[in-house]
Amino acid sequence: MKNIVDQADHAALVKGSHDDRAAQDFAFTLRNHVTGELMPANRTVFDRRAATAYARQAGKAPATPAEVRRAMSADSWYKFYLSARRTSQELIWSSVIPAVERGAAAARVKAAGGSLNLDPDLVPPRYISAIDIHCMPGGYCADRGPGDEAAGAVYDRGVYLYMSGLMGPMNDGVGQLAARWLKARLPDFAPASILDVGCGVGHATLAYHGVYPDAALHGLDCGAALLRYGHRRAESLGVSVHFAQGDAEQAPYPDASFDLVTSHIVLHETSTRALPAILKDNFRLLKPGGVMLHIDQPRFDDSDPYATFLQENETWYNNEPFWRQYRRIDLAEVAQIAGFAAADIQLDVLTAAVVQQSQNNQRVSAMSETAKKRGFSILLARKPA
Ligand SMILES: C[S@@+](CC[C@H](N)C(=O)[O-])C[C@H]1O[C@@H](n2cnc3c(N)ncnc32)[C@H](O)[C@@H]1O
């Protein structure tokens, strides 16, 4: 494996046999090769070949993301790159699934005091159930009934490989960033109750325990198997989290239940209809003086059509239907419509330099132009006291 630390073991994690690990290492290394070696070469192909060929035909240089896409789509290198990229993405998941399917013996875990509250009647939002987001087979809401944790096990191991281990051994890098940023930005804010919406298996949720150890932690997601796994994972790690199944557009909690409502890399996967509804419900859930914090992908830098074209590949080829729209939404405006006052809303970007602090990847400097645009964006808003 390319990075220095492997994913940290815990009682719920399924890494599989020696052969499973070998397949995972191959998928991981191939993906790193595709993103670290093949992806940057697209720029050379565009500058030296595709842009010229396009200009010859169209009578002008490609100037918009759509024109860059048309120019590149005619080039055989780009087609090869896309094929390798999609294959490596699918291999990540298929290297993880056999071990999960064989079913590891469920290790007993000590009780940390958390809970799991599933809603068998929940109909997951169609924007999640209709497509396997970033090609994870079965998607977030696959559930084979009582006791099934497969989607959680696949997500935990698969995301570690997918993100090249850059989220750290606990897959919690985004949660750590958000919680520490919040503590630095609002040093006097001490939330007693925290809700992480779209918590998945709780990667980010648990990060808040380190920063706010006295807070009651809650995680909400619509995937039952994610939550079963997340519950066992949290208990095995000795962190008390109350997980519940529900839709973040109408979260199953009374008004004014939480001091902090947060989400991590969730909003870019929600539909343009659902996102405003989620922020509106977040506002309802906050106590007076409470804080909403969302961390996700940055906005597009529309001044660079090539960079935007490259980013939009997520929508075109990686089953991320809302990636393009999300990066153009004015989050401050949506937060105002949700009920927050303009003066109580802040937007910030955590730069790639911060995000990549744990990265052991010699391509960083070569990719610096792209990397500069790759930080996380933060939406922070406070309800009046
Ligand atoms: C990319 S994952 C992020 C998971 C987690 N926040 C993390 O940092 O690992 C997005 C999660 O949001 C959940 N999600 C999306 N829309 C949701 C909604 N309306 N209600 C509840 N969960 C939702 C998905 O089921 C999925 O688990």
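Helices, taken as DSSP runs of H or I at least four residues long, are numbered here from the N terminus. In this predicted model, Gly 59 is found in the loop between helix 1 and helix 2. Gly 59 is exposed, because only 7 other C-beta atoms lie within 10 Å, and a residue counts as exposed at 12 or fewer. Between the C-alpha atoms of Gly 59 and Val 123 the distance in space is 51 Å, with 64 residues separating the two in sequence.

Helix 2, which spans residues 65-73, has Pro 65, Val 68, Ala 71 and Met 72 as buried residues. These four lie on the same side of helix 2, because they cover an arc of only 120 degrees around the axis. The cover over the buried residues of helix 2 includes helix 1 (18-58), helix 3 (76-102) and helix 10 (305-311).

Several parallel strand pairings were identified. Strand 2, formed by residues 193-197, is mostly covered, with four of its five residues buried. Strand 2 runs parallel to strand 3, and five bridges join the two. Within this pairing, Val 197 has Leu 220 of strand 3 as its bridge partner. From strand 2 the chain passes through helix 7 to reach strand 3, in a β-α-β crossover that is right-handed. Strand 2 also pairs with strand 5 (residues 258-264), again in the parallel sense, over three bridges. Here the bridge partner of Ile 194 is Leu 260 in strand 5.

Strand 3 is in turn joined to strand 4 by five bridges, and these strands run parallel. Leu 217 stands opposite Val 241 of strand 4. The connection from strand 3 to strand 4 passes through helix 8 (residues 224-236), and this β-α-β crossover is right-handed. Strand 4 is also joined to strand 1 (residues 115-117) by three bridges, with the two strands parallel. In that pairing, Asn 117 stands opposite Ala 244 of strand 4.

In a regular strand the side chains alternate between the two faces of the sheet. Strand 4, covering residues 241-245, shows such alternation: Val 241, Phe 243 and Gln 245 point to one face and are buried, whereas His 242 and Ala 244 point to the other and are not buried.

The shell around the ligand was examined next. Of its 23 residues, Tyr 140, Gly 198, Gly 200, Ala 248 and His 264 come nearest to the ligand. Helix 7 (203-211) and strand 3 (216-221) are the elements that give two or more residues to this shell. By residue class, the shell comprises 13 nonpolar, six polar and four charged residues.

Helix 13, formed by residues 331-338, has Leu 331, Ala 335 and Ala 338 as buried residues. The buried residues of helix 13 fall within an arc of 55 degrees when seen down the axis, and therefore line one face of the helix. These buried residues pack against helix 9 (274-285), strand 7 (345-350) and strand 8 (376-382). Glu 333 and Ile 337 are exposed, and are carried on the face of helix 13 turned away from its buried side. Gly 339 follows helix 13 and has a positive phi, near 130 degrees.

Positive phi values were also found outside glycine. Most residues other than glycine have a negative phi. His 134, by contrast, has a positive phi, near 35 degrees. His 134 is placed in the loop between helix 4 (126-129) and helix 5 (150-162). With 18 other C-beta atoms within 10 Å, His 134 is partly exposed, because this count lies between the limit of 12 for exposed residues and that of 20 for buried ones. Asn 171 likewise has a positive phi, near 55 degrees. Asn 171 lies in the loop between helix 5 and helix 6 (173-185). Asn 171 is buried, because 26 other C-beta atoms lie within 10 Å, and a residue counts as buried at 20 or more.

Terms used
Residues are numbered from 1 along each chain as its sequence is written. This is a predicted model: local features need pLDDT of at least 70, side-chain atom pairs count only at pLDDT 80 or more; totals for chains, interfaces and linings use all residues. A residue is near a molecule or strand if its C-beta atom, placed from the backbone, lies within 6 Å of it. Ala, Val, Leu, Ile, Met, Phe, Trp, Tyr, Cys and Pro count as nonpolar, Asp, Glu, Lys and Arg as charged, and the others, Gly among them, as polar. Two strands pair if DSSP finds at least two bridges between them. A crossover is right-handed if, with the strands pointing away from the viewer, the path from the first strand over the helix to the second runs clockwise. The arc is that of the directions from the helix axis to the C-beta atoms. Two residues are in contact if their C-beta atoms, placed from the backbone, lie within 7 Å.
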